[in-house]
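Me: I would like to go through the terms used for this model one by one. For each, please set the value against the definition and conclude.

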Amino acid sequence: MSKVISTEMERLLATGSTLRAMFEEGKKMRREFGAENVYDFSLGNPSTPAPPELNEAMKEVIDTTDSMMLHGYMSNAGYEISREAIAEDLNKRFGTNFAMQNVTMTVGAANALVVALKILINPGDEVVVFAPFFLEYRNYIADFGGVTAVVPPNPPTFLPDMDAFAATINEKTRAVIIDNPNNPTGVVYDEETIKAMAKVMEEAEAKYGRPIFLISDEPYREIVYDGVEVPFLTHYYKNTLVCYSYSKSMSVPGERIGYLLIPDEAEESERIIAASSIGVRVLGCVNAPSLQQLAIIKVLDKRTDVSVYAKNRKALMDAMDAGGFEYANPQGTFYMFVKTPIEDDHEFVRKAKDEFHVLCSAGAAFDCPGYVRFAYCVDHDMIVRAAPAIKALGHAYGLN
Ligand code: PLP
């Protein structure tokens, strides 16, 4: 046991080195077998360029903004002009009625999530998540002494099972996190699902006599296919906090820009709004990056080219179909969640890598063993080259 490192950080160091090992392994394999013979679907890093208009907007902001305004501190919640522009954009798109004060600028969705949890969670409070889930949720919840309560996976649709959801809520439940469209399944929760979830939560609020917040993590909102609609949650449940990010929709994850949306109808909304700027401050971010706050509002109607992901999705679906694999309906994000033909997904990941040079992530990392995640934010040609290897992998398990 370290005399320096905290117990929680010891745990994180151990998981961190597993992920790093996978990354290093991919690099080593590319050196050994040649980059064109290794098919790496393990990383969720956007592979499409940012809209050119955003790059232009950044240059324009630098060229035309007073240095003190551009580079200085501002209110912890962000520039009023940015918050107002985002509120107006949401109102135009979703028929809502937000104003500047409902939007707090954050350092991506990750920061919005931890600010929301900082506001709501006392040590010992429970936060419900649905397996499979984005692995950082557990870490973020632990940051505040919260307890992650997991609703078991519900294959093959991966839509939440309402009875299991209701059974997970108790008097300690303070919040529920959903991620729609979902990382890692690619599934979109439709309106019917959201309405059923809202009903479960309203009944639980009435039963336990206090609010339960729905934290909606939405970095993939615009990355959807075949005209699928992603419900806007403040229409369905009043105690909703939306965590949004431009990381994926504009392909700018390194720029660290997003926001936390707090609707007026949420219980104690004024205090939550005040608390959100304090949250950004005391969690050490102080404010979201100033250049990005000013640039993004010039291009709110622009997106990265989602058709690139749509083409990749089709190619990977074709490869998986030819291989005989089953997978969750990939309606959004750039992930496909594939059922492993054996129970042990770690063994499947090992075999795929060692014998077929196909790299993917074990479902166990998302609290859902028996599945693997393929990230198709990759070069299209790599998917085409990977198709015979995926078919051979399926063949090795008697799937084709
Ligand atoms: N939530 C989910 C589900 C994600 O997949 C990610 C990033 O991959 C994040 C949050 C964090 O996004 P950001 O870069 O905006 O902090």
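Me: Where is serine 251 found, and why is it called buried?

Reply: Serine 251 sits in the loop between strand 7 (240-245) and strand 8 (258-261); helices (H or I, at least four residues) and strands (E, at least two) are DSSP runs, numbered from the N terminus. The model is predicted: local features need pLDDT of at least 70, side-chain atom pairs count only at pLDDT 80 or more, and totals for chains, interfaces and linings use all residues. Residues are numbered from 1 along each chain as its sequence is written, and side-chain values use heavy atoms, with hydrogens and water left out. The relative accessible area of serine 251 is 12%. Buried means under 20%, exposed over 50% and partly exposed in between (1.4 Å probe, protein chains only). Serine 251 is therefore called buried.

Me: What makes the backbone of serine 251 notable, and where does threonine 333 lie?

Reply: Serine 251 has a positive phi of about 55° although it is not a glycine. Threonine 333, likewise not a glycine, has a positive phi near 60°. Threonine 333 lies in the loop between helix 11 and strand 9, and its relative accessible area of 0% is why it counts as buried.

Me: Which element holds phenylalanine 337, and how do you know whether it is buried or exposed?

Reply: Phenylalanine 337 belongs to strand 9 (residues 335-339). Its relative accessibility is 0%, so it counts as buried. Between phenylalanine 337 and methionine 69 there are 268 residues in sequence and 45 Å in space, C-alpha to C-alpha.

Me: Which peptide bonds are described as cis?

Reply: One joins proline 155 and proline 156, with omega about 5°; proline 156 is in the loop between strand 4 (147-151) and helix 7 (162-168). Another joins asparagine 183 and proline 184, with omega about 20°. The loop between strand 5 (173-179) and helix 8 (191-208) is the place of proline 184.

Me: What places asparagine 183 in polar contact with the ligand?

Reply: A polar contact is a pair of N or O atoms within 3.5 Å; within protein, one must be able to donate a hydrogen and the other to accept it, and residues adjacent in sequence count only if both atoms are side-chain atoms. A polar side-chain atom of asparagine 183 is 2.9 Å from an oxygen atom of the ligand, which meets the limit of 3.5 Å. For serine 245, a polar side-chain atom lies 2.5 Å from a ligand oxygen atom. Alanine 110 contributes a backbone N or O atom, 2.9 Å from an oxygen atom of the ligand. Taken alone the ligand exposes 400 Å², and the protein buries 90% of that.

Me: How many residues surround the ligand, and which helix gives the most to that shell?

Reply: There are 14, and the closest are Asp217, Tyr220, Ser245, Lys248 and Arg256; a residue is near if one of its heavy atoms lies within 4 Å. Helix 5 (residues 108-120) gives the most, with three residues.

Me: Why is the pair of glutamate 25 and lysine 353 called a salt bridge, and what does it tie together?

Reply: A salt bridge is a side-chain nitrogen of Lys or Arg within 4 Å of a carboxyl oxygen of Asp or Glu. The two side chains meet at 3.3 Å, N to O, so the pair qualifies. Glutamate 25 lies in helix 1 and lysine 353 in helix 12 (residues 345-356), so the pair ties together parts 328 residues apart in sequence. At 23% relative accessibility, glutamate 25 counts as partly exposed, whereas lysine 353, at 12%, is buried. Both belong to a network of salt bridges linking Glu25, Glu347, Arg350, Lys353 and Asp354.

Me: How many salt bridges does the structure hold, and where do lysine 314 and aspartate 318 lie?

Reply: The structure holds 21 salt bridges. Lysine 314 and aspartate 318 form one at 2.8 Å, N to O; both lie in helix 11 (residues 306-323), four residues apart, about one turn of the helix. Aspartate 318 has 39% relative accessibility and therefore counts as partly exposed. Arginine 221 and glutamate 218 form another, at 2.7 Å, N to O. Arginine 221 has a relative accessible area of 6% and is buried; glutamate 218, with 2%, is also buried.

Definitions and conventions
Accessible areas come from the Shrake-Rupley method with a 1.4 Å probe; for residues, only the protein chains shown count as cover.
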